[in-house]
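Reader: I would like a close look at one part of this structure, the open sheet and what packs on it, and I would be glad if the answer then set that part within the rest of the chain.

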Amino acid sequence: MTIKEVAKIAGVSPAAVSRYMNGGSLSEKKRAAIRQAIDQTGYRPSPAARVMRTGQLNQVGIIIPRIYSDSVSQIVEGVNKVIREEGYMLVVCSTDGIDEQELSYLELMENNRAAGVIIMGTSQTPQLIDAYHACRMPLIITGQNVPGMPCVYHDDIHALSDLTTMMLEKGRQNIAYIGVLETDPQAGTARRMGVEGALAQSGRKKEDLIRMEVHFDPEEGFAAAKKILREHANVDGIICATDTIATGAMRAVHDAGRTIGGDISLAGVGDNWMNNYMPVPLTTAHYLYDQCGEDAAEMLLEEIAYSREEKAFPVRQICLSYTIIDRGSI
């Protein structure tokens with residue numbers, strides 16, 4: 001079965017069938033006729049012929065910072081759910097948080113003619129920003145609000161502001177914050193700004209905030225919380241940039257003989273699946289990671305369609321909302 005035979009059965013031109021297979025514009029009447037012909041014949045295009053025709057593999061790349069992450073797995077699943085329905089195969093590349101590796105993977109996907117790529121951003125160095133803008137294939141960024149680039153990110157400032165406000169309303173007077181490195185503008189800078197903003201609205205100075213920076217690691221969360229509790233015995237609230245960090249902090253609080261939700265509050269971000277199984281379930285900001293992946297994939301497919309018709313893709317940026325899940329640890 002060839003594309004010409006499908007076109008003959010559908011009563012359209014071979015070019016119309018080609019546009020249908022590649023996501024091009026067609027009237028609904030022609031689209032329905034081609035769909036019926038394909039269902040009737042079981043026609044499937046040759047992958048090799050498709051590469052020759054479009055210059056692209058039927059693959060979408062996703063560059064992630066790490067494999068072992070609940071949020072990463074949810075975003076990947078959201079992406080895969082959308083692109084597999086359109087016949088694409090997902091290729092996953094992990095950078096281990098190394099910017100140079102992200103650049104290498106981006107170049108590799110361009111050279112191997114991937115249809116497009118989704119990047120889970122963790123930093124915004126000038127080199128990375130330049131590479132994003134210079135990329136010749138469709139590209140979507142998640143987790144970062146990158147000026148001038150299509151992206152899907154989370155409302156980190158308001159989420160952390162709400163968690164901080166909850167602690168203040170519980171009467172907590174001395175709040176500490178365990179954040180992540182501010183090379184990550186969203187998880188690092190924006191979340192810290194959310195905490196400081198809520199404290200400022202309550203009449204406190206941001207300079208009074210006890211603050212430490214760690215990596216996305218429970219052991220570092222444990223060490224940071226242990227140090228805070230040792231050096232600042234009056235701390236009655238700890239906010240963590242992620243649930244993973246909060247897991248380590250919870251152990252430090254327990255070892256110090258403090259009662260979570262009693263004489264000290266604890267909160268995280270991300271709504272990790274393990275939160276419900278901790279000795280004290282963790283209050284957290286629930287992010288829509290699966291929707292983030294789905295939105296990014298749908299945006300990428302749209303950009304791929306624009307590129308095939310040699311049209312300029314209008315830059316869109318989606319900021320996803322969140323829900324505060326109160327489990328009693330505040």
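Author: What follows begins with the sheet and moves outward from there to the loops, the cores and the aromatic pairs.

The model is a predicted one, and its protein chain holds 12 helices and 12 strands. The open sheet that you ask about is built from 6 strands with parallel pairing, and their order across the sheet is S2-S1-S3-S4-S5-S11. At its edges stand strand S2, residues 89-94, and strand S11, residues 317-320; each of these has a single partner strand, so one side of each is left without a neighbour in the sheet. From one strand to the next, the twist averages 15°.

The pairing at the S2 edge can be followed residue by residue. Strand S1, which covers residues 59-64, pairs with S2 in the parallel sense over 6 bridges. Within this pairing, Val-60 stands opposite Leu-90 in S2, and Gly-61 stands opposite Val-91 in S2. Helix H5, residues 70-84, packs on the sheet, where this helix touches S1, S2 and strand S3 (116-120), and the direction of H5 makes about 155° with that of S2. Taken together, S1, H5 and S2 make a right-handed β-α-β unit.

Two loops that follow in this region each contain a residue whose backbone deserves a careful look. Most residues other than glycine have a negative phi. Asp-96, in the loop between S2 and helix H6 (99-111), has instead a positive phi near 55°, and with a relative accessibility of 59% Asp-96 counts as exposed. Arg-113 lies in the loop between H6 and S3, and its phi, near 60°, is likewise positive in a residue other than glycine. Arg-113 is partly exposed, because its relative accessible area of 46% falls between the limits of 20% and 50%.

A residue at the beginning of H5 also takes part in a contact with a distant stretch of the chain. Asn-272 is found in the loop between strand S9 (265-269) and strand S10 (283-287), and, once its neighbours within four places in sequence are left aside, Asn-272 is in contact with Asp-70 and Asp-243. Of these, Asp-70 belongs to the range 70-84 that H5 spans. Although Asn-272 sits in a loop, this residue counts as buried, at 11% relative accessibility.

Beyond the sheet, the nonpolar interior can be described through its cores. The largest nonpolar core has 70 residues, of which Leu-160, Ile-178 and Ile-238 touch the most other members. Helix H12, residues 289-308, gives the most to this core, contributing 8 residues. A second, separate core has 21 residues, including Cys-93, Leu-106, Val-117 and Met-149. Several of these positions can be placed on the elements already described: Cys-93 falls in the range 89-94 of S2, Leu-106 in the range 99-111 of H6, and Val-117 in the range 116-120 of S3. As for Leu-160 in the largest core, its contacts, not counting residues up to four places away in sequence, are with Tyr-177, Arg-191, Gly-194, Val-195, Ile-239, Val-269 and Tyr-287.

Tyr-287 leads on to the aromatic pairs, of which a search of the whole structure finds 3. In one of them, the rings of Tyr-287 and Tyr-289 have their centres 5.8 Å apart, and their planes meet at 65°, so the pair is edge-to-face. Both partners are buried, Tyr-287 with a relative accessible area of 1% and Tyr-289 with a relative accessible area of 8%. In another, the centres of the rings of Tyr-306 and Phe-313 lie 5.5 Å apart and their planes stand at 80°, so this pair is edge-to-face as well. Here Tyr-306 counts as partly exposed at 26% relative accessibility, whereas Phe-313, at 15%, counts as buried.

Finally, some values for the whole chain give the setting. The C-alpha atoms fill a box of roughly 80 × 40 × 30 Å, taken along the principal axes, and buried residues make up 49% of the 330 residues in the protein chain. Among contacts between residues at least 6 apart in sequence, 70% join residues at least 24 apart.

Key:
Residues are numbered from 1 along each chain as its sequence is written. This is a predicted model: local features need pLDDT of at least 70, side-chain atom pairs count only at pLDDT 80 or more; totals for chains, interfaces and linings use all residues. Side-chain values use heavy atoms; hydrogens and water are left out. A nonpolar core is a set of buried Ala, Val, Leu, Ile, Met, Phe, Trp, Tyr and Cys residues joined through side-chain atoms within 4.5 Å. Buried means under 20% relative accessible area, exposed over 50%, partly exposed in between (1.4 Å probe, protein chains only). Helices (H or I, at least four residues) and strands (E, at least two) are DSSP runs, numbered from the N terminus. Contact means heavy atoms within 4.5 Å. Two strands pair if DSSP finds at least two bridges between them. Axes are lines fitted to C-alpha atoms, for helices over the stretch in contact, and angles run from 0 to 180 degrees between N-to-C directions. A crossover is right-handed if, with the strands pointing away from the viewer, the path from the first strand over the helix to the second runs clockwise. Rings of Phe, Tyr and Trp (its six-membered ring) pair if their centres lie within 6.5 Å; planes under 30 degrees apart count as stacked, over 60 as edge-to-face and the rest as tilted.
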